[in-house]
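Colleague: I would be grateful for a close look at one part of this model, namely how its helices cross. Please carry the description on to neighbouring topics where they connect.

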Amino acid sequence: MNKFNRLTLAYAATLGLVFIWSIPGTIALRTLLLVAALTLAACCTTHKDWATQRRWPLFPLLALALLTAWLFFQAVFVSAETAWALGELRGQWLTALAAFGLGVLMSKLDKPQASGYSLWTGIALVLSVQAAIAISQSVWHWFMHGRLLYGVVPLTGGRLEMSYIMNILLALLTVDLFFRATEHRALLRIPVSASLTCAALGLTANFLAGSRNGILGTLFLALTMTCLFLIDGRRKLGNSKTILIATALAVGIGLFALASYQADSRWKTFSETAEIAMDIDGNEAWFDPDNHPLPLLSNGEPVEESAYLRIAWLSAGIRLAKDIPYGVGYGRNAFVRVLLRQGYPAKIGHSHSGFIDLLSGAGIPAVALWLIFAAAMLVTGWRSFTRFRSPLGLLLILLVSGHTGRMLIESVNRDHMLQIFFFLIGALLIADASRTAAKASSTEIS
């Protein structure tokens with residue numbers, strides 16, 4: 001098999017994995033595609049590809065290595081459940097590191113063209129197809145039953161999973177459109193009309209998913225990029241055009257936020273629910289919701305379950321970390337193991353907070369090292385964007401800040417979502433370091 005065929009298969013396996021990652025019941029297929037993509041990508045890279053890597057993102061890589069070392073050290077020498085913790089590390093963390101390695105390898109194979117990057121274009125198109133499928137499922141439900149599917153996503157099995165990949169899609173498209181407007185160059189190798197169409201699909205699918213946290217992530221992304229556009233675009237487009245475009249964006253953001261608020265009745269009782277949820281000593285539903293009734297609002301109705309549980313678990317996780325500062329062992333259900341150890345007859349799973357899961361499992365050092373890792377990536381992306389006008393640097397900022405922010409209120413650092421994140425940052429860190437090194441070299445020569 002010649003290199004062109006191997007490269008084609010490597011792209012096909014990688015993009016197939018991107019599609020399959022978010023579909024439930026495909027763990028074996030994910031593993032098969034991950035191994036196949038890794039093997040093919042490794043066969044396509046040469047010594048020359050690595051020899052030309054004149055700059056490495058050393059600080060983020062060092063932070064990731066230290067975090068990995070602590071997780072295994074804690075599992076072996078601190079955790080009382082070493083076998084369980086090592087099993088979770090093998091299935092969760094090492095698989096995510098393999099996805100990181102795939103991102104690194106694919107970044108070496110993705111040769112940027114004047115019209116954009118093939119890998120990132122492929123990822124955007126795959127996620128757009130998933131958005132179109134989810135919308136079609138909702139429309140078909142309307143055709144059959146007279147109403148759109150809202151808050152139910154058959155394709156991914158849950159609104160968290162759908163909103164997670166849609167926010168990645170929207171970050172890709174936002175960076176693409178931003179650079180088209182301010183730098184007259186693209187991240188994606190598609191026409192601007194196709195980029196706008198994909199953005200419309202992503203927004204619609206995210207809205208229909210009905211994830212409040214996904215909507216908040218979209219609004220954060222939109223506000224961040226609007227502010228950046230006001231600061232950065234003014235020099236390129238002039239005051240009048242910049243203000244006009246920014247106003248249109250602000251109106252669009254406002255309408256999207258208003259529609260999301262009105263479509264989700266849970267927002268109306270959120271404030272009172274949050275206040276009740278903070279009182280974890282005054283009720284027991286938070287650790288055994290099946291056998292204890294939910295607390296009541298002032299109007300006599302039960303609190304909104306999702307918000308109540310998430311906030312109560314967040315409060316409990318922070319309190320319990322004082323008693324077990326080094327965790328019980330890395331794992332998806334470490335939070336309930338902490339509760340059981342502290343005498344709570346808990347009958348729940350994970351905490352719906354990535355930080356509480358990590359805090360319960362691997363302790364305060366793991367959370368600190370994760371924050372250092374995230375900060376290192378943000379600094380790397382910011383320097384790349386501000387110094388070399390790199391779209392990959394800006395995309396790195398958006399993905400890292402979005403994922404880390406969402407870890408506060410969602411368990412996104414587990415299973416396929418952790419793998420997707422590691423794949424993306426692996427590709428971004430290496431590709432961006434290579435491109436910025438080349439630009440720095442050309443600047444020095446000139």
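Modeller: The crossing of α13 and α14 is left-handed. In this predicted model, α13 covers residues 334–341 and α14 covers residues 354–388. Their axes come within 8 Å and cross at roughly 55 degrees. Angles from 65 to 115 degrees count as roughly perpendicular and those under 35 degrees as roughly parallel; α13 and α14 are therefore oblique to each other.

A second crossing involves α6 and α7, the latter formed by residues 159–182. Here the axes come within 10 Å, at an angle of roughly 135 degrees. Roughly antiparallel would require an angle over 145 degrees, so α6 is oblique to α7. The crossing of α6 and α7 is left-handed.

Helix α6, residues 118–145, contains methionine 144. Methionine 144 has a relative accessibility of 48%. Because exposed means over 50% and buried under 20%, methionine 144 counts as partly exposed. Met144 also contributes to a nonpolar surface patch of about 690 Å². The other contributors to this patch are Val139, Trp140, Trp142, Phe143 and Leu148.

One member of the patch, Trp142, can be related to a residue elsewhere in the chain. Isoleucine 318 belongs to helix α12, which runs over residues 305–321. Between the C-alpha atoms of tryptophan 142 and isoleucine 318 the separation is 43 Å, with the two positions 176 residues apart along the chain counted as their offset. Isoleucine 318, at 48% relative accessibility, counts as partly exposed.

Key: Residues numbered from 1 in each chain as written. Predicted model: local features only at pLDDT ≥ 70, side-chain atom pairs only at ≥ 80, totals over all residues. Heavy atoms only, no water. Patch = residues over 30% accessible without salt bridge, like charges linked within 9 Å, V, L, I, M, F, W, Y side chains within 5 Å. Areas by Shrake-Rupley, 256 points an atom, 1.4 Å probe, with all protein chains shown as cover. Salt bridge = Lys/Arg side-chain N within 4 Å of Asp/Glu carboxyl O. Helix = DSSP H or I, 4+ residues; strand = E, 2+ residues; numbered from the N terminus. Buried < 20%, exposed > 50% of the residue type's maximum accessible area, 1.4 Å probe, protein only. Axes fitted to C-alpha atoms, helices over the stretch in contact; angles between N-to-C directions. Left-handed = near helix turned anticlockwise from the far one by under 90°.
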